[in-house]
Structures are given as C-alpha cells and as structure tokens.
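Take a walk through this predicted model. Begin with the overall fold, then turn to a few local backbone features and one serine.

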Amino acid sequence: MRQAERMPIAFVLVHSPLVGPSTWEALAAGLRAGGHRVSVPDLRTSLTDGPPFWPRQVAAIVDNADDDRVILVGHGGAGPLLPATGKALKWVAGYVFIDAGLPFPGRSWLKQAPPELAEQLQAMVRGSWLPPWSEWWGAAGLAELLPDADVRERFSAGYPRLPIAMFEEAQPLVSGWPDAPCAYLRLSEAYQEQAERCKALGWLTPDLSSHHLAVLTDPEPVLEALLALERRIQQGPSRHNRCGSLAGRCR
C-alpha cells in the first residue's frame, strides 16, 4: 500500500457537456507547467448521434484518461458524470467538484432542475435542439464573466449544439459511490447550496468566492486550491474528509 500511495496522480479535467474543453485551457497549462500529468477529454462528439448520452460521455472520458491513478475533476455540468466515470476507471484516488452540479441518480436534468429554469429551457427548444449555452444568458452576461474578448471568442467557439433529449435522459444509478475521498470547491454564489450540502456530509469544501468561470479567467487561485486538495486526498480518508453518500442528504 505504501508503494501504491507514492504512485503519481494524473488529473482528468472534465468540462461541462454544455460548453467545450477550452474551459480548462488555463488550468491545464498551469498543472502541466508544474510537472503534473493532465488529460482533458472532449465530450462534444457524444452529443451528435442521439441517445443514450450518459454512456457515450463516460466512454469519452475513460478513453482519454491515463490508465493510472487519477483524480477526477468536474466543472459545472460535468459533476454528475463523475460517479459513473469513476466506476469505469481502474483506480480513482479522489473526486473534485469545482462549482459543479451534484449527481442526481435515477432522475433527469429537467426533473431535478428548478422548475423556472426547466421551463425556460423548454421554451428555447427548436426542432429538438437548444441554442448554445451562451445564448441562454445573453451576450452581456457572458461578457461579464469573460471580459477578455479573445478568451470569450475562443470559449464561445467551442460550444456544442445541445439536444433537449440529453436533459430528458435519466442519470444511471451507481452503487457504492463515493468510493474515494471527495471535495467541493465553490467559486460562485450560484453553487453555495451544493457546497453546503457536501460540507454537511463531511466532504472537503474550500471556498474561493470568485466566479463560475474563474477556472479560465483567474486560474492561479483555483490551481493552488486544487493542488492543496490533491495533497489532502493523498493522505487518504479521515474524519475530516470521509465521503458521505449523495444518496442521503446531498440531493
């Protein structure tokens, strides 16, 4: 066990299916500059062939991950993908949710979303497709999050078309999860409720009080927090980071 614990950890950075892998470009560069192994799976091709979407998204992550000890890191809409991905990988050292949604096993995104948001999305459907994520909030809203025009253009260029069927598909049940130390890194007020639920379960829950796309616009504090979590995860479960199950209070 001691020899296994000294094995290097690779970071698998999973972007939300609503956007593209450029979410991670700055943070991935920072990790690689520090000598860390990083993979950034591209989930966009999983949306083009119709349902089922969950198995193809998990397969896209697994196929792109190093076949070693990994920490799965999900941002935004990638959070619910982490349990099924962890079960499909050989060795997951830990899970880190960064301003991310939490798993909702057995339910669809539309069933667990706030009713007003679900209604807003359904009203935007045209021919079974939703507009790109940026159009949900308008140009001004995206410019507030990404004031740099070049960064905003690169990020927006990676948006996939979004089938409404993906939001109607129930998330698979994953028995025995969580099976490794977990953490929730909150960046924005929008994810305060998720962070509080996970804190109540004994997860590591650092708070940067930044904004949702700080992983792209202000990566250094996020990188520092992620590496601190990696060190805690390497220490193994304790009374401070023993994972509580999302099947209980953290819905």
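The chain is built from twelve helices and seven strands. It has 251 residues, and 51% of them count as buried. Look next at how the contacts are spread along the sequence. Take the contacts with a separation of 6 or more: 70% of them join residues 24 or more positions apart. The outside of the chain can be put in figures too. About 11,800 Å² is exposed, and carbon and sulfur atoms supply 52% of that area.

Now to the backbone. Most peptide bonds are trans, and most residues other than glycine have a negative phi. Three places in this model depart from that pattern.

Start with the peptide bond from W177 to P178. This bond is cis, with omega near 5°. To find P178, follow the chain out of α9 (164–168). P178 sits in the loop that runs from there to β7 (182–185).

The next stop is D99. Its phi is positive, near 45°, and the residue is not a glycine. D99 belongs to strand β4, which spans residues 91–100. Is D99 buried or exposed? The relative accessible area of D99 is 0%, so the residue counts as buried; the cut-off for buried is under 20%.

S209 also has a positive phi without being a glycine; here the value is about 50°. The setting is a loop, between α10 (192–200) and α11 (214–217). S209 has a relative accessible area of 53% and is therefore classed as exposed, since that class begins over 50%. Set the two residues side by side. D99 is a buried residue in a strand, whereas S209 is an exposed residue in a loop.

One more serine deserves a look: S46. Where does S46 lie? It is found in the loop between β2 (37–39) and α3 (53–64). Although S46 is in a loop, its relative accessible area is 3%. That value is under 20%, so S46 counts as buried.

What surrounds S46? Leave aside residues up to four places away in sequence, and S46 touches F53, R56 and Q57. Closer along the chain there is L43. A polar atom of the S46 side chain lies 2.5 Å from the backbone oxygen of L43. In the viewer, centre on S46 and pick out this pair, then bring in F53, R56 and Q57 as the residues that S46 touches.

Note on methods. Residues are numbered from 1 along each chain as its sequence is written. This is a predicted model: local features need pLDDT of at least 70, side-chain atom pairs count only at pLDDT 80 or more; totals for chains, interfaces and linings use all residues. Side-chain values use heavy atoms; hydrogens and water are left out. Helices (H or I, at least four residues) and strands (E, at least two) are DSSP runs, numbered from the N terminus. Buried means under 20% relative accessible area, exposed over 50%, partly exposed in between (1.4 Å probe, protein chains only). Contact means heavy atoms within 4.5 Å. Accessible areas come from the Shrake-Rupley method with a 1.4 Å probe; for residues, only the protein chains shown count as cover. A polar contact is a pair of N or O atoms within 3.5 Å; within protein, one must be able to donate a hydrogen and the other to accept it, and residues adjacent in sequence count only if both atoms are side-chain atoms.
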